[in-house]
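Student: I should like to work through this structure with you, one point at a time. Shall we begin with its surface and then turn to its helices?

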Amino acid sequence: MCMNGLDSTIVNPALLTIARDFGEPVSAANTVEVAFLVALAVALPVAGWLGDRFGTKRVFLGALAVFTAASAACGLSQGLTALVLARVVQGVAGGLLTPVGMTLLFRAFPPHERMKLSKVLIVPTALMPALGPPLGGFLTEHFSWHWLFFVNVPIGAAAVLLGVVGLREEKEDVEGGFDLRGFLLATPALGLLTYALGFGPAHGWTSPSVVVAGPLGLVLLVAGCVHLLRTENPLLELRLLADKVFASATVLALVTSAGLMGVLFAFPLLYQAALGASALDAGLSVFPEALGLMLASQVADRLMPKLGPRLLAVPALLLATGVFAALAVPGVAESAWAVRGLMFCVGLVLGTAVLTVQIAGFADVPPPAMGGAMALFTIVRTLGGALGIAATAAVIAASGGAHGQDTDPGPYRAAILVTAGLVALGAFAALRMPKEAPAPPPFDDEPREEEAVAA
């Protein structure tokens with residue numbers, strides 16, 4: 001899961017070098033990143049069904065093996081077409097890794113113990129994506145862009161061997177057959193929407209491919225939702241959203257992911273416009289956010305049982321709104337230490353809220369539905385991140401900062417204020433969270449612990 005999180009961002013600093021090596025324009029090299037994200041989104045709808053049908057261990061390790069092999073193929077690529085195709089395979093495998101891996105973990109621990117998972121999950125979900133840009137720049141500058149992918153091979157091979165020995169197989173009874181119609185509607189819908197959101201900011205929202213992909217993706221998404229709500233055994237169980245706590249957690253994942261990814265996209269541009277900083281310096285300026293998220297995992301673990309989800313999440317989201325807005329205040333971006341402190345606070349307060357609500361949102365989801373719930377949650381969070389980047393890019397362009405070449409920081413500050421508004425919406429969703437933390441089960445967990453040790 002760490003490799004998957006790292007590969008979602010590590011290629012960005014190397015796109016210019018890849019384009020030059022292959023004699024291609026930078027716009028063509030951007031396909032390397034968009035292909036990965038589109039393939040990842042396409043795989044998400046089937047992750048829950050595959051895990052339930054064939055076993056979470058088998059699907060997770062199979063996806064991990066394919067991801068590792070595709071990483072080697074990426075590193076060995078001698079042309080842009082071969083690299084893009086290998087990234088597609090890598091993205092499909094990566095789309096299975098996170099939801100199936102999270103399902104493995106959430107099924108292994110009862111709700112009252114899941115807060116302890118935050119100390120581990122924060123590494124692949126927060127630290128690795130934040131580490132991607134500086135690590136990618138370092139490897140590209142001092143070694144070669146091929147090593148962005150080769151580093152995965154020994155780690156992936158070791159992880160597969162470890163998983164064969166250490167993971168426990170779990171299957172769930174899948175009623176009915178495979179929902180082919182839901183697959184044919186949901187899969188291209190997510191792929192087309194991710195494509196439009198990925199290429200729209202760079203190629204323009206009026207470019208023919210974006211104009212076709214965006215509306216067609218929306219139409220297929222609406223048709224897919226109607227089908228999934230009506231069919232008896234849907235590919236994605238949208239009826240889980242009838243639970244107000246899970247629905248609130250899912251909405252919160254959408255808006256907070258949009259806000260966080262939007263600010264991580266817009267603020268480095270503001271940092272460069274205000275200070276004339278390099279791209280690497282701008283990328284490093286947001287890295288304290290990951291450190292704040294890691295500390296949040298420790299804070300949430302201790303405060304959740306005392307305060308409960310609602311009392312912990314709502315104030316944290318309101319504080320996060322204020323911190324986001326502070327990043328747009330004139331004069332703040334000119335102070336490197338103010339930037340580092342605020343980005344650390346972004347991770348701390350927003351991370352506390354997100355971790356709290358995620359754990360509470362899945363507290364009442366039964367184990368048989370966990371795979372589908374995790375896939376649905378991951379889809380919404382992924383689309384939220386893409387939507388946040390697209391929204392901030394659109395605001396920057398509409399405010400006169402097109403292509404990131406304008407040295408006026410105003411458009412970037414406007415985009416950051418939009419992200420603050422998105423986080424504020426999350427506070428309203430968090431009001432529907434329960435007051436009390438998940439209670440321990442009324443039976444002794446000792447046999448369960450002995451079974452886990454034996455496994």
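Student: Which residues form a nonpolar patch on the surface?

Tutor: The model is a predicted one. In this model the patch has about 360 Å² of accessible area, taken together. The residues that form the patch are Phe138, Phe143 and Trp147.

Student: Is Phe143 buried or exposed?

Tutor: Phe143 lies in the loop between helix H7 (118-142) and helix H8 (147-150). The cut-off for an exposed residue is over 50% relative accessible area. Because its relative accessibility is 55%, Phe143 counts as exposed.

Student: How are H15 and H18 oriented to each other, parallel or antiparallel?

Tutor: The axes of helix H15 (residues 309-327) and helix H18 (residues 410-430) come within 8 Å and cross at roughly 170°. Residues in contact include Leu317 and Phe324 of H15, and Val423 and Ala427 of H18. Angles over 145 degrees count as roughly antiparallel. H15 and H18 are therefore roughly antiparallel.

Student: Which residues of H4 meet H17?

Tutor: Helix H4 (residues 31-54) and helix H17 (residues 370-398) have axes that come within 8 Å and cross at roughly 170°. The two helices are therefore roughly antiparallel to each other. On the H17 side, the residues met include Gly371, Ala375 and Thr382. The residues of H4 are Leu40, Leu44, Pro45, Gly48 and Asp52.

Student: What separates the C-alpha atoms of Ala394 and Ala415?

Tutor: Ala394 is part of helix H17, and at 29% relative accessibility Ala394 counts as partly exposed. Along the chain, Ala394 and Ala415 are 21 residues apart. Their C-alpha atoms are separated by 8.4 Å.

How values were computed: Residues are numbered from 1 along each chain as its sequence is written. This is a predicted model: local features need pLDDT of at least 70, side-chain atom pairs count only at pLDDT 80 or more; totals for chains, interfaces and linings use all residues. Side-chain values use heavy atoms; hydrogens and water are left out. Patches are made of residues with over 30% relative accessible area and no salt bridge: like charges are joined within 9 Å, nonpolar side chains (Val, Leu, Ile, Met, Phe, Trp, Tyr) within 5 Å. Accessible areas come from the Shrake-Rupley method with a 1.4 Å probe; for residues, only the protein chains shown count as cover. A salt bridge is a side-chain nitrogen of Lys or Arg within 4 Å of a carboxyl oxygen of Asp or Glu. Helices (H or I, at least four residues) and strands (E, at least two) are DSSP runs, numbered from the N terminus. Buried means under 20% relative accessible area, exposed over 50%, partly exposed in between (1.4 Å probe, protein chains only). Axes are lines fitted to C-alpha atoms, for helices over the stretch in contact, and angles run from 0 to 180 degrees between N-to-C directions. Angles under 35 degrees count as roughly parallel, over 145 as roughly antiparallel, 65 to 115 as roughly perpendicular and the rest as oblique. Contact means heavy atoms within 4.5 Å.
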